[in-house]
Structure formats: C-alpha cells, structure tokens
Amino acid sequence: MNILIMGGPGAGKGTMSEKIVEEYKINHISTGDIFRSEIGKQTELGMKAKGYMDQGLLVPDEVTNAMVKSYLEMLDNKNGFLLDGYPRTIDQAKAFDEMSKGTSLVIDKVLALDISLDELTARVTGRRLCRGCSEIYHVTNKPSQKEGICDKCGGELYQRKDDTVESLKVRLEEYRTSTMPVLEYYRKQGLVSVIDASQSIEDVWNDTRKALEAEV
Ligand SMILES: [Zn+2]
C-alpha cells in the first residue's frame, strides 16, 4: 500500500505516521530523508540538488521528482510507503503520477489530517517548553508539577513566541491554501480521505485505519 499523508500545523501528522508505519510495516519517507540520503551517497541527482541548495536556490521539480523515484525504487521493503512532504505542488503530483504509471509506486490513498482552528489553538497556545532540556509540557494536557518549572531538570518553562492565536491562524490558512490544489487533484481520482484531527489520538487512529482499509 502506497500512502500520501498531509497534515497542517498541530494536526499530529508525526504521531499518525509512526502508527501507520508500525501497523502496515511500510517505509516512512520524507523528502528530507531523500535529500539527505542522495546527497550523502553523492549520487548524480543528489549533487545536482546540493548545487542549488548551496546557492540558496529552490531545487527544481525535475530534480526532486527524479530523486524521489530513484529513492523509492531502491527500497528493500516492498510492502509500500508512506510519503510525507511530497508531492507538495500540483506539478509534482502530476509528474509523480506520470513516473509511477504502471509501476508499483502508484499512490493508493491520500490521508488529509484536518484540524479546526479552535482545537489547534488549544493545543498550541497551551504548550510550554523547558529552557534547560527542551521537554514539552501543556498547561491542561500535560502540566508540570510546579507551575512554570520543569519536572525533569528544574529549568524555566516558556511559551514559544510564534505559538499565538494570530500566527496560528496565518499558518493554518497558509497550509490550507498551499495544499488545496494537491488535495483537489487527488480528490478527483477518488483517493482522498479527510480525517478529523481535532479528535483524540485514539479516534484519529481509528478513522485513519478505517480509511486505509476501505476499498478504493
Ligand atoms: Zn527541563
């Protein structure tokens, strides 16, 4: 099974990805991993990508697309993959379709984790980090024993500057606007399941499993 997962800020994409990979024994593949691997192995494509990155330029789609394909073809685990962070644009999605046609790399399902602004706000604005050890707390879901003080190291807890309602609203809007064309593209192919990520982790996971196990 080949899955594409999409999810905005605070939607819990990392948590769901871990569960999916464990349950279905598939490869978790993020574009970051692919770039690191190709550049590390100094493949021709990797070196090309590095050339652009070193100049502070965006890596062109044709290089990224080719790198993703070659990386996926090299995988030992043939159960499938969970793609994370790619395709990011409709051009990349079309190119990937073109490349994967008739191969084992065709995308079977697209999961879109969606969260309401209210729930996102509750999750993120309650977050507190430790200055000493970077442990993460939450004022209601995971409070420290003494307010403002880390249980682990006694360090001071603080709130990240960009964890405010205003900036969250902007980040959520940006995410929705940029992913909408890609989602629309896959929706026309009947591949998209929208998951309500405002629910508890358990319920999100149940919905995710149902979506993945339903016949297309
Ligand atoms: Zn600490």
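In this predicted model, the crossing of helices α4 and α5 turns out to be right-handed. The two helices, residues 61-74 for α4 and residues 90-100 for α5, pack with their axes 10 Å apart and at an angle of about 45°. Angles from 35 up to 65 degrees fall outside both the roughly parallel and the roughly perpendicular classes, and α4 and α5 are therefore oblique to each other. On the α4 side, the contact draws on Asp61, Thr64, Asn65, Val68 and Lys69, and these meet Asp91, Gln92, Ala95, Phe96 and Met99 of α5. Sorted by class, that contact is a mix: 4 nonpolar, 3 polar and 3 charged residues.

A second helix pair involves α1 (residues 13-24) and α8 (residues 201-213), which pack at an angle of about 50° with their axes 11 Å apart. That angle makes α1 oblique to α8, and here too the crossing is right-handed. Thr15, Met16, Lys19 and Ile20 are what α1 brings to the contact, while α8 supplies Ile201, Val204, Trp205 and Thr208. The class split for this contact comes to 5 nonpolar, 2 polar and 1 charged.

Now for helix α2, which spans residues 31-40 and has Ile34, Phe35 and Glu38 as its buried residues. Looking down the axis of α2, these buried residues fall within an arc of 95°, so they line one face of the helix. The general helix geometry is handy here: an α-helix has 3.6 residues a turn, so residues three or four places apart point the same way. On the other side of α2 sit Gly32, Arg36 and Gly40, which are exposed. The cover over the buried residues of α2 includes strand β2 (27-30), helix α3 (44-54) and α4. Helix α4 thus turns up in two places, as part of that cover and as the partner of α5. After α2 comes Gln42, with a positive phi near 50°.

Zooming out to the whole protein chain, the secondary structure adds up to 8 helices and 8 strands. The chain has 216 residues, of which 25% count as buried. Taken along the principal axes, its C-alpha atoms fill a box of roughly 60 × 45 × 30 Å. As for how the chain is wired together, among contacts between residues at least 6 apart in sequence, 69% join residues at least 24 apart.

Definitions and conventions: Residues are numbered from 1 along each chain as its sequence is written. This is a predicted model: local features need pLDDT of at least 70, side-chain atom pairs count only at pLDDT 80 or more; totals for chains, interfaces and linings use all residues. Axes are lines fitted to C-alpha atoms, for helices over the stretch in contact, and angles run from 0 to 180 degrees between N-to-C directions. Helices (H or I, at least four residues) and strands (E, at least two) are DSSP runs, numbered from the N terminus. Angles under 35 degrees count as roughly parallel, over 145 as roughly antiparallel, 65 to 115 as roughly perpendicular and the rest as oblique. A crossing is left-handed if the near helix is turned anticlockwise from the far one by less than a right angle, and right-handed if clockwise. Two residues are in contact if their C-beta atoms, placed from the backbone, lie within 7 Å. Ala, Val, Leu, Ile, Met, Phe, Trp, Tyr, Cys and Pro count as nonpolar, Asp, Glu, Lys and Arg as charged, and the others, Gly among them, as polar. A residue is buried if 20 or more other C-beta atoms lie within 10 Å of its own, exposed if 12 or fewer, and partly exposed in between; C-beta atoms are placed from the backbone. The arc is that of the directions from the helix axis to the C-beta atoms.
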